[in-house]
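Here is a short report on one structure. Keep the sequence and the 3D view open while you read.

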Amino acid sequence: MRLGFIGLALTGLTLTGLGLTSLVLAGPARAADMPIFDAHLHYSHDAWNVVPPAEAVKILRQAGLRKAMVSSSDDEGTQKLHALAPDLVLPVLRPYRKRSDISTWMRDDSVIDYLQQRLARYRYVGIGEFHIYGADADLPVVRRMVQLAKQYKLYLHLHGDAEAVQRVLVQDQQARILWAHSGFDQPDKVSAMLDKHPALWADLAFRNDQASVDAAGKGKVAPAWRDVFMRHADRFLVGTDTFAPERWYYVIEHAKYSRAWLADLPSDVADKIGWQNGERLFAKMLEAD
Amino acid sequence: MKRLLLLLLCLLVQPAWAIDFSADERALIESFGPWPPPMQPDPSNRVSGRAEAIAFGRALFFEQRLGGDGKQSCADCHLPAKAWSDGKPGTGGLLRNTPSLLDIRWNRWFGWDGAQDTLWAQSLRPLLDPVEMNSSLAAIAGLLRKDATLACGYRQAFGTAPEADDERVAVNAAKALAAFQETLISAPTPFDGFRTAMAANQPVPAEFSAEAQRGLKLFVGEGQCAVCHFGPGFTNREFHDIGIPYAVRPGLVDPGRHLGIRRLRDSHYTLLGPFSDDPARSTGTETRHVDLLHRNWGEFRVPSLRNLAHTAPYMHNGSLATLRDAVRHYSELNEERLHADGEKLLRPLNLSDTQIDALVAFLLSLSAALPDFPEAEPVCRVKP
């Protein structure tokens, strides 16, 4: 029964994914078949055995993703996926060689050498996701990384509090930041940050407070968030956050979830948050040169 | 002089504590009892607590003809001698560890993923699951109608012969099974004796060792184990991701609570469904308001810590063979598997071997010897 349930779910989504292209080409996508730009995926070293690269790419396609921003610890995972699916995977360079660097990287001078080596060798749309809070954002390693992002014209995928975001923006007023999880901040605070910083975007990964989806698959946007989405429709993106290997099998479910709650917004706003913002900001970056 | 004598008297009767517990720790320890807690019938099951239903449920529990192949009973996986578990790492499609049925009546959710909100719904599930007992509503009802002894047991439990409606008969059979399982209650443990003695300021019972006391100190203090494992059942009765991998095999993961909530929402065998015997739905609030969250992916039920000595292996997939392995898991926790903003409490405990020994000693003190489980009298004596 359990195997059957999962199998059916995967089969259903596969069919949905196959149907996507024609719908998109035919005109505005219906909410249920909306392509998704997933701005928050990781494919770190411990995921490779659980979800081999070909399987990971298959999942992304089954989920109906238009593009997937992928980072990993170390960067090899990202490169594996990008090599298999350059049309789908947008590489983001993480300053971690293993995920446990999460709490030490900002004081590790060797991080800069590592970033420079990778930047010289591969192309990326951003640096991140990195974790930084408060005054740590002004540490020398972080400052140097911000300058590297400026030099290579890359976004910074920052997981941290509003203070860290603002400290980085003091270092480089032109910095473009994708604020991971919208800082897990309250909607009014997120809105205020977006008002204040025009080069700040926010992903909604691993958040549930912005909307609910009922048993029938009908989504409902929380009133406090609806106003923020309407006001800043150009500034939000969705993302799964595959922080553990097994969560790769959640990408499909997450895309379903995203379509369900986005359907409760006006279609133009839903399209922007669901995929157009990501497409506009990141998809052309690798084609530019 | 009187005061001096009183002081001496107090010192003489002071319990032989291996270590001191603060007032807060003592209050927390106090909250781990009494055992067993008061027993209330399940309002969603009209035969909960009724002797006739318990006897009928017991007969059904050991009835091999309930299996789809006519050769498998509930007791094949829930063995009385193994605390009503099976001692195997994992079974079924998702290779989950067979949970013990001892003290199951105090669960809030049932199964590792909480896909059921009643014990009777949980009892029906494996009967119908193709990879478990693989039976059907029609086959269960047919057996109960056809077999004179079982039909008699049904009549005694429900006051009527098995009805024509297969689903009604099968659900009633599950309710009798639940009534029986509600009686599977573990005995007071060495820890319970200690807790009682502590509350009465009496000497520490000999069976609660100094090492177990040190383990208890870690449990309520530095280890923060009691944040999730609290109350008389040592569980918060909810779900968490504690960093145990949940890939089943290539291409398949166990979504845990996420799958459980979806199954709960899809089922009509719930506290809110038509088979609940509680018209007021008085216990259905949590079912009504359960939300499906990203964090639920890979979460599993926080089990009771009672009876651990009898229920190896451990974790939802039985991936840890011994209690020492389980404690070591928390000591060496792989933070990389946890979300930075998820299970914020969980950090590696970095325990010494001595501390691990102490925690294991304490956890073992939460088990009592298993009683014999004698054969029951036939549920009905039917003349051939």
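The text below starts with chain A and then turns to two places in chain B.

## Chain A

This is a predicted model. Chain A has 289 residues, and 52% of them count as buried. The chain holds 11 helices and 10 strands.

How confident is the predictor? The mean pLDDT of chain A is 89. Of its residues, 88% reach 70 or more. Residues 1–29 of chain A are another matter: there the pLDDT is below 50. In the model, this stretch makes 32 contacts beyond near neighbours in sequence.

Now take contacts in chain A between residues at least 6 apart in sequence. Of these, 69% join residues at least 24 apart.

## The sheet in chain A

Chain A contains an open sheet of 8 strands with parallel pairing. The strand order is β1-β2-β3-β4-β5-β6-β7-β10. Which strands form the edges? They are β1 and β10 of chain A, and each pairs on one side only.

Next, look at β2(A) and β3(A). These two strands run parallel, and 3 bridges join them. One residue pair to find is M69(A) and L90(A): L90(A), in β3(A), is the bridge partner of M69(A).

The table lists some strands of this sheet with their residue ranges.

| Strand | Residues |
|---|---|
| β1 of chain A | residues 36–42 |
| β2 of chain A | residues 65–71 |
| β3 of chain A | residues 89–93 |
| β10 of chain A | residues 236–237 |

## Helix α6 in chain B

Move to chain B. Helix α6 of chain B spans residues 148–158. Which of its residues are buried? They are L150(B), G153(B), Y154(B), A157(B) and F158(B). Seen down the axis of α6(B), these buried residues fall within an arc of 110°, so they line one face of the helix.

What do they pack against? The buried residues of α6(B) pack against three helices of chain B: α3 (51–61), α5 (137–146) and α7 (166–181). After α6(B) comes G159(B). The phi of G159(B) is positive, near 75°.

## H329 in chain B

The last stop is a single residue. H329(B) sits in helix α12 of chain B, which covers residues 323–331. Is H329(B) buried, exposed or partly exposed? There are 19 other C-beta atoms within 10 Å of it, and a buried residue needs 20 or more. H329(B) is therefore partly exposed.

H329(B) and P348(B) are 19 residues apart along the chain. Their C-alpha atoms are separated by 8.4 Å.

Methods:
Residues are numbered from 1 along each chain as its sequence is written. Chains are lettered from A and ligands numbered from 1 in the order in which they are written. This is a predicted model: local features need pLDDT of at least 70, side-chain atom pairs count only at pLDDT 80 or more; totals for chains, interfaces and linings use all residues. A residue is buried if 20 or more other C-beta atoms lie within 10 Å of its own, exposed if 12 or fewer, and partly exposed in between; C-beta atoms are placed from the backbone. Helices (H or I, at least four residues) and strands (E, at least two) are DSSP runs, numbered from the N terminus. The arc is that of the directions from the helix axis to the C-beta atoms. Two residues are in contact if their C-beta atoms, placed from the backbone, lie within 7 Å. pLDDT is the predictor's confidence in each residue, from 0 to 100. Two strands pair if DSSP finds at least two bridges between them.
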